[in-house]
Amino acid sequence: MTRTFVMVKPDGVRRGLVGEVIGRLEKKGLRLAGLKLVVISPELAARHYAEHRDKPFYDELIRFITSGPSVPMVFAGREAVVVARSLIGATDPVHALPGTLRGDLGLAITENLVHGSDSQESAEREIALYFAPEEIV
Ligand SMILES: Nc1nc2c(ncn2[C@@H]2O[C@H](COP(=O)(O)OP(=O)(O)O)[C@@H](O)[C@H]2O)c(=O)[nH]1
Ligand SMILES: [Mg+2]
């Protein structure tokens, strides 16, 4: 049993797609183990996306991710990191396959609905950024 970090980004919250994202992950069999609604500060955004600091899209990404409430979550289950990434789909919704969240529900690359950790190490780092241990059940 492993856990992963998933977050509905501000576009997903604005569009009323929180329930859709949670529903798909739950129906697959992942268990919701932590959830909150937060407006991410620029400081937290910079820590979350530190790996992208030098990318041309960084400033736009930080502006977007701090632009309104997000829904950070922890999901647990068998191979949770891989399963969540596969349900989310490719980074660019143009290439995300139908049946995935990004493939079915959007077209923009920065505003691509949902974040999912890309490895077990990233998952533990990201969970710790958003949740205190007692907030995960
Ligand atoms: N505008 C723009 N945004 C990007 C690009 N690549 C990634 N992003 C944004 O930055 C986030 C983080 O990128 P990355 O870790 O590579 O993708 P993810 O793990 O699939 O979310 C993505 O989810 C997008 O919101 C890009 O080439 N252009
Ligand atoms: Mg990533």
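# Exercises on a predicted fold

Helix 6 provides the largest share of the lining of the largest cavity, with three residues. Keep in mind throughout that this is a predicted model.

## Exercise 1: the enclosed space

Find which residues line the largest cavity and work out how they divide into nonpolar, polar and charged.

Solution.

Step 1. Start with the count: one cavity of 30 Å³ or more turns up. The volume of the largest cavity is about 40 Å³.

Step 2. Pick out the lining. It is made up of Asp11, Arg15, Pro93, Leu101, Arg102, Leu105, Gly106, Leu107, Ala108, Glu111, Asn112 and Leu113.

Step 3. Sort these residues by class. Six are nonpolar, two are polar and four are charged.

Step 4. Look closer at two of the lining residues, Asn112 and Leu113. Asparagine 112 sits in the loop between helix 6 and strand 5, and leucine 113 belongs to the loop between helix 6 and strand 5 as well. Because its relative accessible area is 3%, under the 20% limit, leucine 113 is buried. Its backbone deserves a look too: leucine 113 has a positive phi of about 80 degrees although it is not a glycine.

## Exercise 2: asparagine 112 and the pocket

Decide whether asparagine 112 is buried or exposed, then place it relative to the largest pocket.

Solution.

Step 1. Asparagine 112 has a relative accessibility of 4%; buried means under 20%, so asparagine 112 counts as buried.

Step 2. List its contacts, leaving aside neighbours within four places in sequence: Lys9, Asp11, Thr91, Pro93 and Arg102. With one of these partners there is a polar contact, as the side chain of asparagine 112 reaches the backbone oxygen of threonine 91 at 3.1 Å.

Step 3. Turn to the largest pocket, whose volume is about 440 Å³. Its lining has 21 residues, and Asn112 is among those nearest the centre, together with Lys9, Tyr49, His52 and Thr91.

Step 4. Break the lining down. By class it holds five nonpolar, nine polar and seven charged residues. Helix 5, strand 5 and helix 7 each supply at least two residues, and helix 7 gives the most, with three.

## Exercise 3: helix 5 and the core

Identify the buried residues of helix 5 and the elements that cover them.

Solution.

Step 1. Helix 5 spans residues 80–88, and its buried residues are Ala80, Val81, Val83, Ala84, Leu87 and Ile88. A helix has 3.6 residues a turn, so residues three or four places apart point the same way.

Step 2. Find the cover. It includes strand 1 (2–8), helix 2 (18–28), strand 4 (69–77), helix 6 (101–105), strand 5 (114–116) and helix 7 (120–130).

Step 3. Move on to the largest nonpolar core, which has 19 residues; Val21, Leu25 and Met73 touch the most other members. Strand 1, helix 2, strand 4, helix 5 and helix 6 give two or more residues to this core, and helix 5 gives the most, with five.

Step 4. Take Met73 as an example. Not counting residues up to four places away in sequence, methionine 73 touches Thr4, Phe5, Val6, Val8, Val21, Ile22, Leu32, Gly34, Leu35 and Phe131. A second, separate core of 18 residues includes Phe5, Leu44, Leu61 and Ile65.

Step 5. Check both ends of the helix. Glutamate 79, in the loop between strand 4 and helix 5, has a positive phi of about 50 degrees although it is not a glycine. After helix 5 comes glycine 89, whose phi is positive, near 95 degrees.

## Exercise 4: histidine 48 and glutamate 60

Classify histidine 48 and glutamate 60 as buried, partly exposed or exposed, and describe where they lie.

Solution.

Step 1. Histidine 48 is in helix 3 (residues 42–48). Its relative accessible area is 1%, so histidine 48 is buried.

Step 2. What does the side chain of histidine 48 make a polar contact with? The partner is the side chain of tyrosine 130, at 2.7 Å. Not counting residues up to four places away in sequence, histidine 48 touches Phe5, Met7, His115, Arg125, Glu126, Leu129 and Tyr130.

Step 3. Glutamate 60 lies in helix 4 (residues 58–65). With 40% relative accessibility it falls between the 20% and 50% limits, so glutamate 60 counts as partly exposed.

Step 4. Finish with a distance. Glutamate 60 and glutamate 111 are 51 residues apart along the chain, and their C-alpha atoms are separated by 9.9 Å.

Definitions and conventions
Residues are numbered from 1 along each chain as its sequence is written. Chains are lettered from A and ligands numbered from 1 in the order in which they are written. This is a predicted model: local features need pLDDT of at least 70, side-chain atom pairs count only at pLDDT 80 or more; totals for chains, interfaces and linings use all residues. Side-chain values use heavy atoms; hydrogens and water are left out. Buried means under 20% relative accessible area, exposed over 50%, partly exposed in between (1.4 Å probe, protein chains only). Helices (H or I, at least four residues) and strands (E, at least two) are DSSP runs, numbered from the N terminus. Contact means heavy atoms within 4.5 Å. A nonpolar core is a set of buried Ala, Val, Leu, Ile, Met, Phe, Trp, Tyr and Cys residues joined through side-chain atoms within 4.5 Å. On a 1 Å grid over the protein atoms alone, a cavity is a set of points where a 1.4 Å probe fits but cannot get out, and a pocket is an open set with protein on both sides within 12 Å along at least five of seven lines; lining residues have an atom within 4 Å of a point. Grid points are joined across faces, edges and corners, and a volume is the space filled by probe spheres set on the points. Ala, Val, Leu, Ile, Met, Phe, Trp, Tyr, Cys and Pro count as nonpolar, Asp, Glu, Lys and Arg as charged, and the others, Gly among them, as polar. A polar contact is a pair of N or O atoms within 3.5 Å; within protein, one must be able to donate a hydrogen and the other to accept it, and residues adjacent in sequence count only if both atoms are side-chain atoms.
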